[in-house]
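User: I would like to learn how to read the empty spaces inside a protein model. Could you take me through them step by step?

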Amino acid sequence: MDNFSKSLVHWHKNHGRHDLPWQCEPTPYHVWVSEIMLQQTQVGTVIPYYTRFIERFPNIQLLGNADIDEVLSCWAGLGYYARGRNLHRAAKIICDDFDGTLPSDKEKLLTLPGIGRSTAGAIMALAFKQHHAILDGNVKRVLCRFYAVNGWPGEPAVEKQLWQLAENLTPERNVAWYTQAIMDLGATICTRSKPQCDICPVSQECIARKQESQHKYPASKPKKIIPLRKTVFLLLENKKGEILFEKRPATGIWGGLWCFPECSADDDIEKWLLAKTGFSGSIIQKLSIIKHTLTHFRMEILPIHLKVKQCNNVKETSDQQWCLIDDALKFGTPTPVRNLLQAFPN
Ligand code: SF4
């Protein structure tokens with residue numbers, strides 16, 4: 001619908017966001033990094049991470065050649081770490097297979113790790129000014145309300161319908177402005193809890209507004225019980241005051257990040273310690289339980305501080321290291337580990 005895109009582009013000229021760091025110099029690399037960081041994360045949170053990341057890795061070659069630990073260290077705190085790992089893997093592939101240049105072809109973009117249909121569409125529209133639709137969370141919300149689309153947008157049938165609408169609405173001309181405009185509308189006007197319909201540029205045609213049913217759209221995800229996982233973080237301190245860290249496997253929760261050794265809440269700590277270190281140790285303190293929620297489960301983490309005199313069974317490897325806390329803060333660590341390190345008495 002031509003009116004929709006024209007109204008949005010016109011509105012964006014005066015009311016959209018024009019000064020975001022990745023907009024100052026919208027190179028394909030900058031757009032790509034920003035789009036990956038913006039997945040599941042708000043603009044205000046992303047800006048400092050994006051700025052630091054681009055300072056450290058100003059181009060694809062430097063990112064592709066970097067050590068994954070350094071990339072994850074820049075990502076630490078932003079969450080959804082698979083995004084950082086995929087960005088790094090994709091940069092390597094771009095260096096090896098695409099002469100170090102992000103491809104300006106949607107099908108090729110889709111072969112890169114971490115780039116799905118909407119992200120590829122955003123890169124094509126924003127960086128290459130080509131006619132491609134996007135359908136991120138903000139756009140889904142706007143379209144669900146504008147057309148009163150029933151059903152949860154994560155359902156394949158609903159998503160298919162939304163893609164069709166998104167493609168119909170995306171204009172041939174001004175595609176970059178339109179794409180930025182619809183993202184901005186969702187982020188600043190058609191917000192989740194209090195849409196500002198009074199100042200919305202497409203309110204005249206919006207079905208949800210006419211029906212005063214904005215709050216019904218988009219439908220919520222059907223509720224499912226998120227399982228609880230209990231675990232124990234062991235802050236194992238040697239006589240030099242160093243703490244033992246282990247790098248997690250590349251896949252799975254917190255893949256590739258550094259964590260404390262972990263045991264089950266049901267394990268006997270003394271036995272675990274003897275098996276791990278070859279020596280008995282002493283529990284100094286049981287710290288307060290940390291609650292942490294991930295996409296598929298909740299965690300209850302009991303951190304226990306232990307001291308050991310000797311650790312003959314613990315050899316330093318690339319995946320297992322003794323480290324002072326100040327040095328460990330430079331590692332890529334998940335948020336609960338980082339919070340514990342920052343609170344830990346030196
Ligand atoms: S009129 Fe209201 S509900 Fe409809 S698109 Fe605009 S802000 Fe969203």
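User: Which residues lie nearest the centre of the largest cavity, and how many residues line it?

Analyst: Rolling a probe the size of a water molecule over the atoms shows where empty space is left. In this predicted model, a cavity is a set of points, on a 1 Å grid over the protein atoms alone, where a 1.4 Å probe fits but cannot get out, and lining residues have an atom within 4 Å of a point. The largest cavity is lined by 15 residues, and those nearest its centre are Arg 145, Cys 190, Cys 197, Cys 200 and Cys 206. Its volume, the space filled by probe spheres set on grid points that are joined across faces, edges and corners, is about 130 Å³.

User: Which helices supply at least two residues each of the lining of the largest cavity?

Analyst: Helices are DSSP runs (H or I, at least four residues), numbered from the N terminus. Here α10 (137-146) and α12 (175-189) each give at least two lining residues, and α10 provides the largest share, which is three residues.

User: How does the lining of the largest cavity divide by class?

Analyst: Ala, Val, Leu, Ile, Met, Phe, Trp, Tyr, Cys and Pro count as nonpolar, Asp, Glu, Lys and Arg as charged, and the others, Gly among them, as polar. On that basis the lining of the largest cavity holds 10 nonpolar, three polar and two charged residues.

User: What takes up the space of the largest cavity?

Analyst: A molecule sits in a cavity if more than half of its atoms lie within 2 Å of the grid points, and the ligand takes the space of the largest cavity. Residues count as near the ligand if one of their heavy atoms lies within 4 Å of it, and those surrounding it include Arg 145, Ile 189, Cys 190 and Gln 214. This shell divides into six nonpolar, two polar and two charged residues.

User: How many cavities of 30 Å³ or more are there?

Analyst: The count comes to two cavities of 30 Å³ or more, and the second largest has a volume of about 50 Å³. Among the residues lining the second largest cavity are Ala 133, Leu 143, Tyr 178 and Ile 182, and the largest share of that lining, three residues, comes from α12. By class, the lining of the second largest cavity has eight nonpolar, two polar and no charged residues.

User: What should I keep in mind about these values?

Analyst: Because the model is predicted, local features need pLDDT of at least 70 and side-chain atom pairs count only at pLDDT 80 or more, while totals for chains, interfaces and linings use all residues. Residues are numbered from 1 along each chain as its sequence is written, and side-chain values use heavy atoms, with hydrogens and water left out.

Terms used:
1 Å grid on protein atoms, 1.4 Å probe; cavity = no way out; pocket = protein on both sides within 12 Å on 5 of 7 lines; lining within 4 Å.
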